[in-house]
Amino acid sequence: MKWIRQLKLKQLNLLILLAETENLSETARKANMTQPALSRWLKQLEDDTDLQLFVRHAKGLTPTDAGNVLIAHARRILIEASRTQQDLDNISKGQQRTLIIGMSPAAAPSFVPKAIMRFLEENQNVYIEIKEDTMDSLIEHLKQGELDLIVGRLDSYTPQERIQSELLYRDPICIVANRNHPLSKQTHISWDDLAQYEWIVWPTGVPIRSRLDNAVTSTGKPPPIYRIKSTSQMANLYILEHSDMLSVASKSVAEHFQKRGVLTKLDFDLGVVDGAVGMIWHEQVQPDLLLDALIQCCRDSAITNTLDN
């Protein structure tokens with residue numbers, strides 16, 4: 001294990017660059033070093049680990065399974081080092097640190113901001129970053145150490161080692177349209193009625209899209225025309241408000257925008273069991289009181305959100 005103590009951040013950057021270029025001469029050029037020196041360093045690292053990290057071939061080199069494991073850890077270490085420097089910079093400015101939250105666009109639009117506002121009131125010197133993306137992408141960023149907490153739909157989430165998850169509340173999905181849509185005043189809407197209109201939907205693989213696909217499949221009918229596939233909630237809302245297109249949203253999202261006169265829920269039962277909204281975060285090696293406080297604010301806000309609905 002002596003080689004681990006000898007590794008420096010510069011060498012981890014070198015390892016990642018080598019994995020990205022898969023070429024010794026290109027890596028040496030970008031790292032401003034000679035190719036023989038780079039080759040000696042790589043050979044020494046492989047000797048120290050007693051593992052082959054790259055397979056050499058005519059066109060360059062490719063990471064082995066062992067190499068990919070080491071590269072993945074190198075990326076996480078560098079991200080943690082970067083975030084550590086950010087926290088130290090914050091402390092020098094009189095701040096504690098910055099917590100980074102990943103949020104699914106299909107999650108409720110109000111309870112997470114309310115949780116953040118309450119958290120900031122109780123923790124004056126802490127800063128927050130919010131990153132919105134699909135759940136699959138957010139989970140990858142969490143694994144890399146780029147996020148502290150994810151809040152979103154857990155419908156398709158699979159439990160993983162060293163990662164904790166918690167259900168906050170159940171949230172069914174519904175069909176939405178603009179408030180003056182031809183179907184907005186109609187009762188007893190059928191799938192045939194819905195098929196007369198074009199749709200804007202989330203991309204394949206997003207939990208809320210999967211639930212829509214399951215509902216369509218259960219009818220035995222062909223899917224409606226999915227004219228637009230988008231992960232941008234703001235773009236989706238604008239298009240829905242200014243067209244007769246249809247979409248699917250969680251009940252909490254639909255009711256939030258219905259109260260503001262932007263959208264309306266259509267009188268149609270998708271026949272889908274309630275979806276799940278919850279949190280995901282890394283298992284704590286050492287207690288993290290700030291993260292614990294943020295998680296508790298999310299729990300409290302979710303309870304309030306459920307009671308309001």
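The following legends describe close-up views of a predicted model.

**View 1. Division of the chain into three domains.** The protein is divided into domain 1 (3-73), domain 2 (95-170 + 276-308) and domain 3 (173-265). Domain 2 is thus given as two stretches of the chain, 95-170 and 276-308. Between the C-alpha centres of domain 1 and domain 2 the distance is 36 Å.

**View 2. The segment annotated in UniProt, residues 7-64.** An unreviewed UniProt entry lists residues 7-64 under "domain: HTH lysR-type". In the model, this stretch of chain is 60% helix and 14% strand. The C-alpha atoms at its two ends are 20 Å apart.

**View 3. The hairpin of strand 1 and strand 2.** Strand 1 (residues 54-57) pairs with strand 2 (residues 60-63) in the antiparallel sense, and four bridges join the two. Together strand 1 and strand 2 form a hairpin, with two residues between them. Within this pairing, His 57 stands opposite Gly 60 of strand 2. Gly 60 also serves as a reference point for a position elsewhere in the model: its C-alpha atom is separated by 39 Å from that of Lys 229, a residue 169 places away along the chain.

**View 4. A salt bridge between helix 5 and helix 2.** Side chains of opposite charge can pair when their charged atoms come close. The structure holds 17 salt bridges, and one of them is formed by Arg 75 and Glu 20, whose closest N and O atoms are 3.7 Å apart. This pair links distant parts of the chain, with Arg 75 in helix 5 (residues 65-92) and Glu 20 in helix 2 (residues 9-21). The two residues are 55 residues apart. Arg 75 counts as partly exposed because its relative accessibility is 30%. Glu 20 has a relative accessible area of 53% and is therefore exposed.

**View 5. A salt bridge within helix 4.** Asp 47 and Lys 43 form a salt bridge in which the closest N and O atoms are 3.0 Å apart. Both residues belong to helix 4 (residues 35-49), and because they are four residues apart, about one helical turn separates them. Asp 47 is partly exposed, its relative accessible area being 46%.

**View 6. A salt bridge within helix 7.** The side chains of Lys 143 and Glu 140 meet in a salt bridge, with an N to O distance of 3.5 Å. The partners are three residues apart in helix 7 (residues 135-143), so they are separated by about one helical turn. Lys 143 has a relative accessible area of 28% and is partly exposed. Glu 140 is likewise partly exposed, with a value of 44%.

**View 7. A network of charged side chains.** Glu 26, Arg 29 and Lys 30 are linked in a network of salt bridges.

**View 8. An open sheet of three strands.** Strands of a sheet pair through backbone hydrogen bonds, either parallel or antiparallel. In the sheet shown here, the three strands have the order 10-7-11, and the pairing is antiparallel. Strand 10 (247-250) and strand 11 (263-265) are the edge strands, each pairing on one side only. From one strand to the next, the twist averages 50 degrees.

**View 9. Strand 7 beside strand 10, with helix 9 across them.** Strand 7 (residues 173-178) and strand 10 pair over four bridges in the antiparallel sense. Cys 174 stands opposite Ala 249 in strand 10. Helix 9 (residues 207-219) lies across both strand 7 and strand 10. The helix runs at about 120 degrees to strand 10.

**View 10. The surroundings of Lys 229.** Lys 229 is found in strand 9 (residues 226-229). Leaving aside residues up to four places away in sequence, Lys 229 touches Val 201 and Arg 209.

**View 11. The surroundings of His 256 in helix 11.** His 256 is found in helix 11 (residues 251-259). The residue is buried, because its relative accessible area is 16% and the cut-off for a buried residue is under 20%. When residues up to four places away in sequence are not counted, His 256 touches Pro 109 and Ser 110.

Technical notes: Residues numbered from 1 in each chain as written. Predicted model: local features only at pLDDT ≥ 70, side-chain atom pairs only at ≥ 80, totals over all residues. Heavy atoms only, no water. Salt bridge = Lys/Arg side-chain N within 4 Å of Asp/Glu carboxyl O. Buried < 20%, exposed > 50% of the residue type's maximum accessible area, 1.4 Å probe, protein only. Pairing = 2+ DSSP bridges. Axes fitted to C-alpha atoms, helices over the stretch in contact; angles between N-to-C directions. Contact = heavy atoms within 4.5 Å. Domains from an automatic or database assignment. UniProt positions renumbered as here; feature names shortened; annotations may be inferred.
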